[in-house]
Structures are given as C-alpha cells and as structure tokens.
Amino acid sequence: MSDTSGLITPALVDLHLAPADKSEALRSLAQRLVAEGRVTDLDGFLADVAAREAQAPTGMGDGIGIPHCRSPHVTQPSLAFGRSARGVDFDAPDGRPADLIFMIAAPAGADDTHLQILAALARRLMDPAFTGALRDAESPSAVAALVNGEEAPAGAPEPAADAGLRLVAVTSCPTGIAHTYMAAKALELAAARAGARIQVETQGSAGTTVLAPEVIAAADAVIFAHDVEVRDRARFAGKPTVDVGVKAAVNRADDLIAQAARLVTEAGSGARAAAPAAAPSAPAGEHWAQRLRKYLMTGVSYMIPFVAAGGLLIALAFAIGGYQIASAPSVLGHFDWTSSHSWAAMLFQTGKTSFGFLVPILSGYIAWAIADRAALAAGIAGGAVSVAVGAGFLGGIVSGVAAGFLVLWMIRWNVPRAIRGIMPVVVIPLLSVAAVGFLMFVVVGSPIASAMNGLTDWLNGLSGSNAILLGLLLGAMMAFDMGGPLNKVAYTFAAGALTAAGTTPDAGSLKVMAAVMAAGMTPPLGMALATVVRRGLFTSEERENGKAAWVLGASFITEGAIPFAAADPLRVIPANIVGSMTAGGLVMAFGSTLRAPHGGIWVLPLIGSPFLYLTAVAAGTVVTTAVVVLLKGLRKPAAQAVSNLARTEPVGA
C-alpha cells in the first residue's frame, strides 16, 4: 500500500463516539478535523458531506460507515475515525448500524498521490483482518498506526493456474474515492473464493489503469458495478455482462461472480468471440424519467459549444457588417484582407456552418447517451435529416431518442457468430441510419417541421401581455435550479429558437434569447448585492462568494448563485425566482433583442435596446436582493423571540 503517513493522527480518532444520530456523528468527527486545521469551515464542509450523503447512503454493511466528500474547505487529505458502541444508522443495506465510522475528507483539487492513498484505504476496508484490528484497538495511537502503517493488506489468494473462469470488471461511483475501490476489492476477494481470475478497472479519482485489449478479449464475461457511465463501454463488445450499481459489488460480490458464471454457461463457448458492443443499461433503481432527462441533458451539453461559437460569430458579423452580410457571396475566392465587409462575411459564414452542426450534434449525443458509440451514426444522420426537412431542434430530439433506443434494441439481437464481428461497424449503422432516415423523411419530419414553423411564427408575433408572460415563465425556469434541468430546458428553448431567427433584426426569438440571458444573470448579481447591503446576514464565506458572484453574474453564469442556495435554499431560491421573473418580463416588455447565445455584459454591443436591457437586469437584481434580505431578516427576529420566550418561561412549566 502507498504510504499513508499523515492521513490520520491520534487527535482525529474518537474511540467513544456516542452521538444521538448520524448528523451529530458527522459534526463530531468534522469538529476534530477543524481543530487539527484539516478543515477551514465546519458548516461549509458539513454541507458538502450532506450533499454526498444525499446522492446515496454511505453505510457499507458489516458495521462500516464511510461518509466522504471532496470539498474546497479541506486543506489536506484526511481521515477522522469514530468507534461507536451503540452504532450509528448510515442506511446500510443489511440494516446494521455502523460501529466503525471513517470520515474521508479530500481537497477539491487533491493530487493523484493523495487520492491513491485514499483509494488504498478504501480497499483495506474490505479486509476483515483490518476492520477487526480496528475494533480491538485500545488507543487512538493504535488506530492511527493501523491506518498509517506501511504494511500491505493481505491480498486475495491467487486461484489455481488452470482456473477456468476469466472475468474483467469496471467499478465507478460519483465521488470516485471510496465505493469505486471498495467494490473492486470485494470483487477480487469474491473471485478468489470462487477459484476465478478477475482484473478490475477502477474509473475513480486516483486515476485509471485501463484494461489491456488482450485481457478483455480473453475474458469470459464482464461485470459493470457503477453509478456513473462506464467510459468506452464498447471495448467489452459482445461479452456476457452483469450490470449493477457500485454498492451491489460491495455488498454481494459473491452473487455477482456466480451470476457472471451462469451467463458464461448460458452463452456457451462463443463468449470470447468478437461481437457487437455490450448494451448499456442504467444503474439499478433509476427511474425511466431520470434516465430520459440524463439522455437529453447529455445531448444539450455537447450542443452548447456549437451554439455559443456559432451564435457569437454571427452576432459579431452583424455588428461589423450589418444584417445585409447574410446575403454576401462565399468568401471562398472573394476574400479581401483589407475589407471589413470580407471579415464580417467570413465570420457570418463560419458561424452559420457551426450552427449547421447544432441539431446533428444534439441528436447524435442523445443517441450516444442511450446506446453508446454504436448509435452515433444514426443519431447524427437523423439530426441532419431533421435540419433538411425543417424539423429543427425538436426533430433532433425525436431522431436522437429514436436512434438510441433502436440501436439499443439491435445490440441485444442474438445473431450467428459468423456476423457478430461486423455488427457494430456495418450492420447496425446500415440498418439504423436507414430506419431513422425513413422515420424523419416520411413519418414525423413534416409534422414536426409544421410545429417548428408555428413556433417561429408565434415567437415573431409575440407582443404585449403574451410576451411578458413568456418572459416571466422563462425567468422562473432559469432561476429555479440555476444550471439544472429546468434552467437547461429554458436555455435550449431560447437557443433552438435562435437558429430560426433568420436575419430579421427584431424577431421574437431574439427577444426570447435576451430574456433568458437577463434572467440567468440576475441570481448571482442579486446575491452579490445582498452581501454588500446587509453583510451581517451572510457568513464570511458567503461574503467572499459574493465577490466572485459579481463577475459570474455579469458573464451569464447562473451557477454563481448556487453556494448561496445550497446554504439557505428556502430563502434564496424564492428570491432568485422573483428577481429573474422581473428581469425576463421587463426584457420582453422593452423588446430588447439578442442574437448571441451567451456572454452577459461582454456582448452588450450586440444587444438591441441595450440601455433598456441593462435596466431590466438592474431591476431584477434589486428585487432579488430586496426579497432575500427580507426573508433572511425575518429569520433573526423569530429566533430572537424564541430565545426570549425560553428565558422568561418559569421553571417547571
């Protein structure tokens, strides 16, 4: 094992931990980290721990709890340890309270060496001899010596050289610190008990040693134990696959090895032959709506760079050469280095080309998120057909989802061994592209194109109260989750409409883009202003975040308000919503326009009616500040009243 010297000291060990509940246990261990200078902000660190706990329980079973997180409040990789005679409920799958509690604290920017140390510790937690020694330790110094020791833990016994079953596995978890490596160790131990060979690729924070192609080719089956997407899944083409969440490997590794063995038996001797990519499947327990949202957000995330680059280039072209630049001849063979008109034409034509990729990329990466690399061809081709028939980004969503699920179904075909090798490179692309092309050209393309034309006409005809209502709705969506799904839906709606704006200077879709950007700028600006006008309502850390929020808000980075919302969601989120609704509604009322899909105040010259636009942003900022100050101010008088009541209550009442 890597040298863990300094990871834990006796002062970070509590052998008599007796909390009332999990929250008290976490706070008690975190206070030791603060006292030793390993954590700079107790409440901020506990908020990061709580956020990790909300993702999935950290009770491992067998009396072990491993609350952990990466946090900017951690100064160095550290471990606080508590031993509880009564046990603490960490929602372990076996229902057993944790008597051994390991709080792992990693800095947000921890280097590979430190993360490897934490990964090695996580593996040791699967060793009964190690945990048994911790239960028997009589002093904090003995615990620290066990954790910081340089002795390598007892490894899994090697199976016999002629072991029949050969397996590979991939483990991964959201944080990539603990579960990833504990699952790997559990699988190694279980395989050894079953007389099988296994090699595990841990896709975690301590780096990944990728499985060699020849190891994968020789394997009989693969086990995916993951809570995030497996990287480059297509490497495991055609292998019998066990696909579960990462905790399943930690808690029932023996069952997974046995399940893999059964799949190999059912598949027969052809298991090692080349075959199409293994069909992706979601971690156990994930709702279909959550998966669909993940697929759509994946497509949007890959699309946004094309929107930003293309939109900004087109906006700059119009700023330099006017709206007539859209009809300029191709710069190929007509470019004059000394002419601003030529430069404007070049920017416009490059931006327009970038916009041309927008829908195919959206469609392609929705399909990729569903069925991995095998679905890219059909998804991108379907998006291109969507553009050709005028179905726009709505058509791209339909073609991406259709291509993904079509390919996912095709991957699962039981085909003869003779054609397995050409399935992913010939058969699946050929059939899926043809099928999605037929769907978009003949079946749904025209109806969706009609809907898009109707949407464009509606946006261009918006005025008065209708426009203001749309601005209010988009403002609320931008502020509700500050970069989350609702925020992305509003932004994608505006960006998609932007592609249909044409060269009309005052198109309704340009107003929508302006409203969305103003509403997205308001939350961080409002929080920043609030930390200035009422400093006493905010912690020192929040006041520091407020300084950064000025720049983030001005740059249209709504996520700058997230630290404030995480610390006090019931007061901050309503304030953000009211302020963003104000900004979005005013922009629509003023008729400001924006062709650039991003940039904040840095694209002010490209905004129609810029002074009215700034007025709307300023009004939204002031409203956000006023509401959050009011709500936070109400909290303190209420707390004071309770305190006064407690002091005046007669003894024994």
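Which residues form a nonpolar patch on the surface? I started my notebook with that one, keeping in mind that this is a predicted model. The patch is made of W409, W413, L430 and L431. Together they offer about 430 Å² of accessible area.

**Entry: L431.** I picked one member of the patch to follow up. L431 sits in helix α16, which runs over residues 423-460. Is L431 buried or exposed, or something in between? Its relative accessibility is 40%, so I put it down as partly exposed.

**Entry: the cores.** Next I went inside. The largest nonpolar core holds 73 residues. F45, F81, F102, L187 and I223 have the most contacts inside it. I then asked which element gives this core its largest share. That is helix α6, residues 179-193, with 9 residues. Another core, of 71 residues, lies apart from that one, and F348, A495, M517 and V617 are among its members. A general reminder to myself: in soluble globular proteins, nonpolar side chains tend to be buried together.

**Entry: L187.** I looked up what L187 touches beyond its neighbours within four places in sequence. Its contacts include I223, A249, A253, L256 and I257. A169, T171 and I198 are on the list too.

**Entry: S363.** This serine belongs to helix α12, residues 358-371. I wrote it down as buried because its relative accessibility is 0%. What surrounds it, once neighbours within four places in sequence are set aside? I found G379, G382, G383, G396 and G400, along with S399.

**Entry: helix α22.** I checked the span of this helix, which covers residues 569-590 and has 22 residues. From first C-alpha to last it reaches 31 Å, close to the 32 Å expected at 1.5 Å a residue. Which of its residues are buried? My list reads V572, A575, N576, I577, G579, S580, A583, G584, G585, V587 and M588. Just past the helix, G591 has a positive phi of about 80°.

**Entry: I557.** My last stop was a loop residue. I557 lies between α20 (540-554) and α21 (562-567). Its relative accessible area is 32%, so it counts as partly exposed. How far apart are I557 and M521 in space, C-alpha to C-alpha? I noted 6.6 Å, although 36 residues separate the pair in sequence. Not counting residues up to four places away, I557 touches P524 and L552.

Methods:
Residues are numbered from 1 along each chain as its sequence is written. This is a predicted model: local features need pLDDT of at least 70, side-chain atom pairs count only at pLDDT 80 or more; totals for chains, interfaces and linings use all residues. Side-chain values use heavy atoms; hydrogens and water are left out. A nonpolar core is a set of buried Ala, Val, Leu, Ile, Met, Phe, Trp, Tyr and Cys residues joined through side-chain atoms within 4.5 Å. Buried means under 20% relative accessible area, exposed over 50%, partly exposed in between (1.4 Å probe, protein chains only). Helices (H or I, at least four residues) and strands (E, at least two) are DSSP runs, numbered from the N terminus. Contact means heavy atoms within 4.5 Å. The expected span of a helix is 1.5 Å times one less than its number of residues. Patches are made of residues with over 30% relative accessible area and no salt bridge: like charges are joined within 9 Å, nonpolar side chains (Val, Leu, Ile, Met, Phe, Trp, Tyr) within 5 Å. Accessible areas come from the Shrake-Rupley method with a 1.4 Å probe; for residues, only the protein chains shown count as cover. A salt bridge is a side-chain nitrogen of Lys or Arg within 4 Å of a carboxyl oxygen of Asp or Glu.
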